[in-house]
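Me: I am new to this structure and would like to understand how its descriptions are justified. Could we go through them one at a time, setting each value against its definition?

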Amino acid sequence: MSNKELHRPTLRVLKILEAAAFNKQGFTLTEMAEYIDAPKSSIFPVLNTLVDQKYLYYNRQNLRYFIGMKAYEVGQTYARQTDVLKDISEIILNMVNVCGETSHFAVLDDGNIFYLITHDSPDRVRVFTTVGARMPAYATSLGKALLLDHTKKELEDMYPDQLPLLTTQTIPTVSALFGQLETFQKEQMTFEDGESNANICCYAVPIRKSGQIIAALSISIRRTHYSEEKAELVQALLKNARTKIELLVQDADVNFSR
């Protein structure tokens, strides 16, 4: 369905909520109007309504709109209702406790990865990102696991321009990315060495349901912790967790797609 067929006022509300959710600095009325490309006069009553219903918060000191508590509650309700995600979270937590590194569970969202579950290493050193955050899929092992079945044409459509570098090690072109994915196909495990964060390397595996990749699971290893023994342990843990998670999702009515 094209945007022309969708209800434009509803789309405008959703764009406002999404904008507020992913900007910690908030928006003034003028900034919000510019960001979603809408007249101030038309979005002002929408903003007031969202503030009244607590989906947005309005700071009267700096005249900025922020995401509100009600939006958080709605998101948490989804998470609580998804029993499969709770079970997956337990599997990941057990894995993290064994290896002492950070693990993420994510889905693909328009060329980015969207994090559904994150468990930090037991020493509480955060090395990557948080639940609800996004990162370019091409620059992470987690993203490469999600892109593993994509054709070169699909990748070119997803990334029509040269790939922006996150570090000096980031893959710069779709051709290079596709070449990497081909090498990962046999083992069904992806790897990244300092492409998204110069201080880590990371292994990831795709999670499949009925043969289709629906999510991916990763473990990030800090360089100060890396060894051949640690790498072997991480790969074994990922394979074992993948088997458990795929068994969980095969008969469950779940849809992690964005």
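Me: What makes the contact between the side chains of Glu101 and Arg222 a salt bridge?

Reply: In this predicted model, a nitrogen and an oxygen of the side chains of Glu101 and Arg222 are 3.4 Å apart, and because the definition asks for a side-chain nitrogen of Lys or Arg within 4 Å of a carboxyl oxygen of Asp or Glu, the pair counts as a salt bridge. The two partners come from distant parts of the chain, 121 residues apart, with Glu101 in the loop between α5 (83–99) and β3 (102–109) and Arg222 in strand β8 (residues 212–222).

Me: How do you know whether Glu101 and Arg222 are buried or exposed?

Reply: Buried means under 20% relative accessible area; Glu101 has a relative accessibility of 1% and therefore counts as buried, and Arg222, with 9%, is buried too.

Me: Why is the pair of Lys153 and Asp157 called a salt bridge, and how are the two placed in helix α7?

Reply: The closest N and O atoms of Lys153 and Asp157 are 2.9 Å apart, and the limit is 4 Å, so the pair is called a salt bridge. Within helix α7 (residues 152–158) the two are separated by about one helical turn, because they stand 4 residues apart. Asp157 counts as exposed, since its relative accessibility is 51% and the cut-off for exposed is over 50%.

Me: What does the salt bridge between Arg223 and Asp193 tie together?

Reply: The closest N and O atoms of Arg223 and Asp193 are 2.5 Å apart, and the two form a salt bridge. Arg223 lies in the loop between β8 and α9 (228–250) and Asp193 in strand β6 (residues 190–193), so this pair ties together parts that are 30 residues apart in sequence. Arg223, with a relative accessible area of 42%, and Asp193, with 34%, are each described as partly exposed, because such values fall between the limits for buried and exposed. In the structure as a whole there are 7 salt bridges.

Me: Which residues have the most contacts inside the largest nonpolar core?

Reply: That core has 29 residues, and those with the most contacts inside it are Ile88, Ile92, Met95, Phe105, Leu217, Leu238 and Ile245. The elements that give two or more residues to this core are α5, β3, β4 (112–119), β7 (200–209), β8 and α9, and α5 gives the most, with 8 residues. Leaving aside its neighbours within four places in sequence, Leu238 is in contact with several residues, including Met95, Tyr203, Leu217 and Ile219.

Me: How do you know that the span of α9 agrees with what is expected of a helix?

Reply: At 1.5 Å a residue, the 23 residues of α9 should span 33 Å, and because its end C-alpha atoms are 33 Å apart, the two values agree. Among the buried residues of α9 are Val234, Leu237, Leu238 and Ile245, and its buried residues pack against α5, β3, β7 and β8.

Me: What makes Arg208 a buried residue, and what does Arg208 touch?

Reply: Arg208, which is found in strand β7, has a relative accessibility of 18% and so counts as buried, the limit being under 20%. A polar atom of the Arg208 side chain lies 2.9 Å from the backbone oxygen of Gly211. Not counting residues up to four places away in sequence, Arg208 touches Asp149, Gln188, Ile213, Glu246, Val249 and Gln250.

Technical notes:
Residues are numbered from 1 along each chain as its sequence is written. This is a predicted model: local features need pLDDT of at least 70, side-chain atom pairs count only at pLDDT 80 or more; totals for chains, interfaces and linings use all residues. Side-chain values use heavy atoms; hydrogens and water are left out. Buried means under 20% relative accessible area, exposed over 50%, partly exposed in between (1.4 Å probe, protein chains only). A nonpolar core is a set of buried Ala, Val, Leu, Ile, Met, Phe, Trp, Tyr and Cys residues joined through side-chain atoms within 4.5 Å. Contact means heavy atoms within 4.5 Å. The expected span of a helix is 1.5 Å times one less than its number of residues. A polar contact is a pair of N or O atoms within 3.5 Å; within protein, one must be able to donate a hydrogen and the other to accept it, and residues adjacent in sequence count only if both atoms are side-chain atoms.
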